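This report looks at one helix and its surroundings, and then at the contacts made by aromatic rings. Please keep the sequence and the structure in view while reading.

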There are 2 protein chains.
Amino acid sequence: MAKKILLNAFEMITPGHQTFGVWRHSDDRSLDYMTADYWVDLARTLERGFFDGIFLADALGVYDVFAGGPETALRAGTQFPSGDPFVLVPMMAAATKNLCFGITGNLSYENPVPFARRMSTLDHLTGGRVAWNVVTGYLDSAAKGAGKGGQRSHDTRYDVAEEYMDVMYGLWEGWDDDALVANREAGILVDPDKVRAVHHDGDQLKVDAIHLCNPSPQRVPVLYQAGASTRGRAFGAKHGECIFLNAMRLEDLIPMVADIRSQVEASGRSRDDVKIFTTMTVVTGSTDAEAEAKLAEYEELVILEGQLASLSGLLGIDMASLDMDAPIKHGNVEGVQGVMDSIAGPGEDRWTLRDLARRMGVGGPTPRIVGSPRKVADELERWVTEGDIDGFNLVRAHSDSMRDFVDLVVPEMQNRGIFKHEYQPGTYRNKMFAQGPHLRDPHPASAYRSR
Amino acid sequence: MAKKILLNAFEMITPGHQTFGVWRHSDDRSLDYMTADYWVDLARTLERGFFDGIFLADALGVYDVFAGGPETALRAGTQFPSGDPFVLVPMMAAATKNLCFGITGNLSYENPVPFARRMSTLDHLTGGRVAWNVVTGYLDSAAKGAGKGGQRSHDTRYDVAEEYMDVMYGLWEGWDDDALVANREAGILVDPDKVRAVHHDGDQLKVDAIHLCNPSPQRVPVLYQAGASTRGRAFGAKHGECIFLNAMRLEDLIPMVADIRSQVEASGRSRDDVKIFTTMTVVTGSTDAEAEAKLAEYEELVILEGQLASLSGLLGIDMASLDMDAPIKHGNVEGVQGVMDSIAGPGEDRWTLRDLARRMGVGGPTPRIVGSPRKVADELERWVTEGDIDGFNLVRAHSDSMRDFVDLVVPEMQNRGIFKHEYQPGTYRNKMFAQGPHLRDPHPASAYRSR
């Protein structure tokens, strides 16, 4: 039996997540991003197409590196404005039964005790359909919003993250399964002997608390991690159940996947104990020509500066001062050259910044498949097989992208036996790993469970 | 035309909000508190009964002062376990059209930028049906959960609160109405000249940010405030649109209301620019006898220690060491005596701690009306008229309390012309004040609007 491909819609509660300017398209609905209908429609479409989940990115600041201010990002709609995923997910969950929800939660700005409770509440109310995408943030503007001069160093952020995870595991696993006894005769609701407090006194974090919420179906939400750095990969290999990667070319992805699977194995888990997703932008139509025509329409509308504002924010390099039409290879801007190598390919040396922005225009710095369902399915299959990955986080090019995929590509994948015809029962974790609702040995969270 | 009484259900996402132990009753459903159905049913019942809102209390710690630990609160279910209101409200909102939602948000534990966005998102998605109950917290256990040795002093908390409000107004009012231009031709989504950043560099708080979310229907959610101290009342008179009080006896309420209305007037607003709610526990049935029989059933089930755990936490005084059966007047425990005066009345001097706990058993330290719809309506009318208040936050005694009230008391009030037969249109603020969706001069928030 062929391996079944996993699929998430990669979204953000904003008009432009990775593509900036297609909100100008006459059929695009992404300006409705702050209405329940828009998201409920999307959730129902995804469930109709047996998508595993909707994966919600988030950012708590603005992209204000480009030209030294946020103006470009505001004009183009570079992940701006945005809404809070915790408010939207309950509405999407109420309208669906099986679709799962990955929520980006930035541990730099969330107090552990209320955050743990918020996640538990959502896991309860969705019947265990929640994942947490653990991030530490990358925007200085978010740190300044929170009263800090700027972000802490990359390594310090991971030090905090390690302690934070310990605290969260302690909270989420701190209740025995039978702690909520609800003994009406004896008048005992919760047995205090079956609830363990967290007493964490670390270098980065101090927490002294009992988890306020009784255990939710999954206790620990499914854990996503997307760190690409050495430290990030080690963190993901230790904690992550799903790893989310991005590579423009399959040949770049292959060694990343191999490295992660080896690290997972080295940490005592099995190579397949993590599901690996990679980003993919798909533009499809009944025929290759129709798909290409769509892409051309979208490319007409993209706002190149919006894309450069995003890239400048991600890299912390102001690209506004660079010549848009000079070949980048001769510009000697180290960070930009690296990105160009990853996007255009290391052999390429004539690309200008304009070429780079154009290539990223639809879908951002992600690989792209444009074509008929057959061509799309061929390519997805090739990435899964050769890349040794489990699935994709599909980027929207237009607000209809996911509907197009569901209507056209899903049936093609089902016919090939590489995509499911029905959902697995139970929680998100069980749907994905078929091992019940909880994290198990040797995942570090399991050490916090009562024996 | 008689004044129409305003009504909120005073709830918390927990099995026992003010009454601890009635979860043991065979008909009580409050152990379903962590299911969507329970809350959606309640929301629909309240909307059927034209309730203005559901007012959700919250606490981010456990009641661990009594007997020096949280055990009693866990056993009795003293506001424990609990869930996050931001996850539940979207589900209740999706199931209703007019019911509004007051959410307690503790500014000591919320980063202003993401909190402002969360509120705006909720206000967007509910069509402007949200209020924020501004609190600074009172539990040391919550402060310890957040890595602090204990709470900051009462006055410092209000210093923080003043700065916090300035920041929130700056964020929520920082966008001009027409800042989201969405000009498809020019490719301008947001006009940066119409968005003002907050640069707040105060003693208590530093924030440098743009509000991430475009203006929601109300911009600033309706503001509730409940501080009873001198500082709290001044804060409420300045910022609050709805003031939430608690007094066991009408004669104690009257001067509190007069003081607040005078302070509101002194701050430049009109005496009626605030709506004043007081707590009330109502147990009703077709006849007085039926209502009294219900109360007796509930009183059988209450767990007195759970009530003392709550009171100990509120006062910061461990009552476990006190003799349950000695008259309190002779105990010389200052804080407890004050509470007893307020509950039993100043003339009372034979009450024991057990008497006090029993009186608080059903409904907590709140006034109570037990009787037929006629008796209840008589009393509510008397409190409104003599107390110069606008409405009530009704405390649940049993999970059916609100349904009983809607089925029995609401028709009686409607027949008397003291309760509405239909909702006013528009946002929460407009439903209550009929002055449009936004805060207006001379409320301090209006100073942050563009002129």
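Which are the buried residues of α3(B)?

## Helix α3 of chain B

In this predicted model, the buried residues of α3(B) are Pro85(B), Phe86(B), Val87(B), Leu88(B), Val89(B), Pro90(B), Met91(B), Met92(B) and Ala93(B). The helix, which spans residues 85-94 of chain B, is thus mostly covered, with 9 of its 10 residues buried.

The cover over these buried residues includes elements of both chains: α3 (85-94) and α4 (112-125) are contributed by chain A, while α1 (36-48), β2 (53-57), β3 (100-106) and α4 (112-125) belong to chain B. At the N-terminal end of α3(B), Asp84(B) acts as a cap, with a side-chain oxygen placed 2.7 Å from the backbone nitrogen of Phe86(B).

## Charges over rings

The ring of Phe86(B) also has the charged end of Arg118(B) over it, 5.1 Å from the ring centre. In chain A, Arg118(A) lies over the face of Phe86(A), at 5.1 Å from the centre of that ring.

## Aromatic pairs

Over all chains, the count of aromatic pairs comes to 30. In one of them, the rings of Phe55(A) and Phe244(A) have centres 5.1 Å apart and planes at 65°, so the pair is edge-to-face. Because Phe55(A) lies in strand β2 (residues 53-57) and Phe244(A) in strand β8 (residues 242-245) of chain A, the pair ties together parts that are 189 residues apart in sequence.

Both Phe55(A) and Phe244(A) are buried, and ring pairs link these two residues with Phe10(A), Tyr224(A) and Phe277(A) into a cluster.

Definitions and conventions: Residues numbered from 1 in each chain as written. Chains lettered and ligands numbered in written order. Predicted model: local features only at pLDDT ≥ 70, side-chain atom pairs only at ≥ 80, totals over all residues. Heavy atoms only, no water. Buried < 20%, exposed > 50% of the residue type's maximum accessible area, 1.4 Å probe, protein only. Helix = DSSP H or I, 4+ residues; strand = E, 2+ residues; numbered from the N terminus. Contact = heavy atoms within 4.5 Å. Polar contact = N/O pair within 3.5 Å; in protein donor to acceptor, adjacent residues only side chain to side chain. Phe/Tyr/Trp six-rings, centres within 6.5 Å; stacked < 30°, edge-to-face > 60°. Lys NZ or Arg CZ within 6 Å of the ring centre and 35° of its normal.
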